[in-house]
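Please look through the sequence and the model below before reading on. The paragraphs that follow move from one buried side chain to a surface patch and then to a helix.

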Amino acid sequence: MDLGDRKCWGNSKKDSWRTTLVLAYQSLGVVYGDLSISPIYVYKSTFAEDIHHSETNEEIFGVLSFVFWTLTLVPLFKYVFIVLRADDNGEGGTFALYSSICRHVNVSLLPNKQVADESLSTYKLVQPPERENGSKVKMLLEKHKILHTALLILVLLGTCMVIGDGVLTPVISVFSAVSGLELSMSKEHHEYAVIPITCFILVCLFALQHYGTHRVGFLFAPVVLLWLLCISGLGLYNIYYWNPNVYKALSPYYMYKFMKKTKKRGWMSLGGILLCITGSEAMFADLGHFSYAAIQIAFTFLVYPALILGYMGQAAYLSKNHQMADDISYYVSVPKSVRWPVLVIAILASVVGSQAIISGTFSIINQSQSLSCFPRVKVVHTSDKKHGQIYIPEINWILMVLCIAVTVGFRDIKHMGNASGLAVMAVMLVTTCLTSLVIILCWHKPPILALCFLLFFGSIELLYFSASLVKFCEGAWLPILLALILVTIMFVWHYGTTKKYQYDLQNKVSLEWLLALGPSLGISRVPGIGLVFTDLTSGIPANFSRFVTNLPAFHRILVFVCVKAVPVPFVPPAERYLMGRVGPASLRSYRCIVRYGYRDVHQDVDSFESELVNRIADFICYDWSRPEPTSDAGNEEDGFRSTRSSGEYRLTVIGNSDFSTRDFNPDESIQQLSVSVGLPTAESITDIVEMDLQTKTRRVTFAVDDNNDTEEPKDRQMREELQDLLDAQQSGTAFILGHSHVKSKQGSSVFKRLAINFAYNFLRRNCRGPDVVLKVPPASLLEVGMVYVV
């Protein structure tokens, strides 16, 4: 769930204390729902099989000590004080770390990279001077291509574990909350009630996803706050009433006594203890919705003390009630007089925590898709006012089916806890590894500091990970299986997409071929605008040459559109469009590169079309106002306006105000120009597109000043070009997309044949087409069939 325009909270130093406190309160419902519900199932999962509560209380006090220090070291010290500082322009999560590393080190495997992207305001970073040892690490990463692939696989693994957590967290949270009914009914009835009720709640939760959370999101924070006050109040009551000396168990000495007595069984029980930090990763993943100060305040002064009091209260109760050794549940420590209200609040809190992880799963899949690491899926924006609230139908129903299957298949906390614990620790290990690289490559700290961070927190997480991994046959196999399937899908899709791009790059058509097209070859120009979508940032794509070969005509206004992802969280709208000519002005052919960050919301087709025409009009005005080239006088007669470089024309960043532009050559050598000239703006050049939903017709009004007095030749040519653009827009727009089939070359390896011929083509046939993702009207769609031999 997003709470508004993320840029409002971009710099925590500028937030007032009142704003920060409001954000801290709002973060409770989004960030801490999963973490706050963990006291319901941690003790129950820990004492499920490996260890048992005894008269000496060494087990319960030892577990309490482990819980206290785990919560202190991992969420508090690691995340709140270190990892949250490794943000990417205010954004957090696995892709934010990878994006930061890719901008500092040339390890990105994304296609169509341009040096022009480095001039984005969100790309540039203030960098301290590099250290010699840090430069060695950078050189090592850049030198070996296999390390680029290994880094990408590590990021994909962390992403897949987050998606796996999106399956397991709703199950264990809701199941644990509903399990409180066991104290109010017999064991026979309990077995037949908890599973159906849990499944019913999960089905309702997923069925309501398409409505979005903006209508009920304001209730999330009060529910979690009420739950935190509830567990802390019950904790204080149990400490005071049952065992005021339970605080002594916070000493690390009790961990030593616990391990000394339980030995291997105690190590295996760590798989249940680690569940106390389930949801900690959300503090970093949801950083972009709030601010560093807000998340830090909420956890340090409310969530952390409430959780510690909750765990201490349960331990205090169990230390004096050994008859409950065979039935360690959170609800046994709740007084009977308030048990039902607590049960209701717990179920509500579990739903809030589940909603947060489901929304996070949608978000990370959308990020993966934008970086060409996930097959195309339909993304629905559930709120027009709040950025980032999305719904993905296919993923939603797959998650629901998996959640129901896990609930019915496992049927107990032990197996659910083993599966969830392994997924949680895998994500944390990936974050630790990537943060270590950020410390060296982005912060330019001594490598010894990064090594200390890696060894200290990595050893803690490896200890817990090993305890979960040993439970492979008791539930831990599930996240591993899900991760293997998802990593295979994501890597195959990225591999196939990269190979397609390389084919396009090697088979693109030269500019001279386009310039040679004309009436003498039987080529005609038809009214309208043709938008040719391609992944190339220069040259003419092969699918367009195939289109013209089979249908010798193309539109009067031709635009080669490249919608590309940039390794930044968002691209400012004023820097989104990179415009240039393809050929002379008389050809009426343009190139438009539309840049999006991995957290940006893509425009719908109607707003994109009208925005694109506006930007082309802005570019035409800017291009004709530039000083004319003096190297070749003949260019003026031919209508050449933009300086050529290596067969292409200079690209210009066209903003949406004051024509503040920067020019770049397609051959990647940047020449920055700061241009500010007096040009006609929206007052004299307007584009008003109205949709009549009943008649399905589009009325276009594009006004150009009709002032011919003392008009210079270049002004006349500019007016003619703008008039052509107006006429073409009134005639309609066609979207020309490639419909590709990819196959491997003869003699390719077995792996490549399996990956391309079977896996990639299967995914391509069964995922959304580019026309669906772009929401192209079927009547405006032209598909060009292409066979890619890679």
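Which residues does K78 touch, not counting residues up to four places away in sequence? In this predicted model, the residues that K78 touches on that count are L73, V83, M428, T432, F453, F457 and E461. K78 itself is found in helix α4, which covers residues 58-80, and it counts as buried because its relative accessibility is 0%, where the limit for a buried residue is under 20%. Among the residues it touches, E461 deserves a separate mention, since the side chain of K78 makes a polar contact with the side chain of E461 at 2.5 Å.

Helix α17 spans residues 447-469, and L454 lies within it. In contrast to the buried K78, L454 is partly exposed, with a relative accessible area of 30%. L454 also belongs to a nonpolar surface patch of about 450 Å², which it makes together with I448, L449, L451 and L455.

Further along the chain, helix α23 runs over residues 713-731, and its 19 residues reach 27 Å from the first C-alpha to the last, close to the 27 Å expected at 1.5 Å a residue. Within α23, the buried residues include the nonpolar-patch type of side chain, Leu and Met, in M718, L722, L725 and L726, but E721, D724, A728 and Q729 are buried as well. An α-helix has 3.6 residues a turn, so residues three or four places apart point the same way. Just after α23, G732 takes a positive phi of about 115°.

Terms used:
Residues numbered from 1 in each chain as written. Predicted model: local features only at pLDDT ≥ 70, side-chain atom pairs only at ≥ 80, totals over all residues. Heavy atoms only, no water. Helix = DSSP H or I, 4+ residues; strand = E, 2+ residues; numbered from the N terminus. Expected span 1.5 Å × (residues − 1). Buried < 20%, exposed > 50% of the residue type's maximum accessible area, 1.4 Å probe, protein only. Patch = residues over 30% accessible without salt bridge, like charges linked within 9 Å, V, L, I, M, F, W, Y side chains within 5 Å. Areas by Shrake-Rupley, 256 points an atom, 1.4 Å probe, with all protein chains shown as cover. Salt bridge = Lys/Arg side-chain N within 4 Å of Asp/Glu carboxyl O. Polar contact = N/O pair within 3.5 Å; in protein donor to acceptor, adjacent residues only side chain to side chain. Contact = heavy atoms within 4.5 Å.
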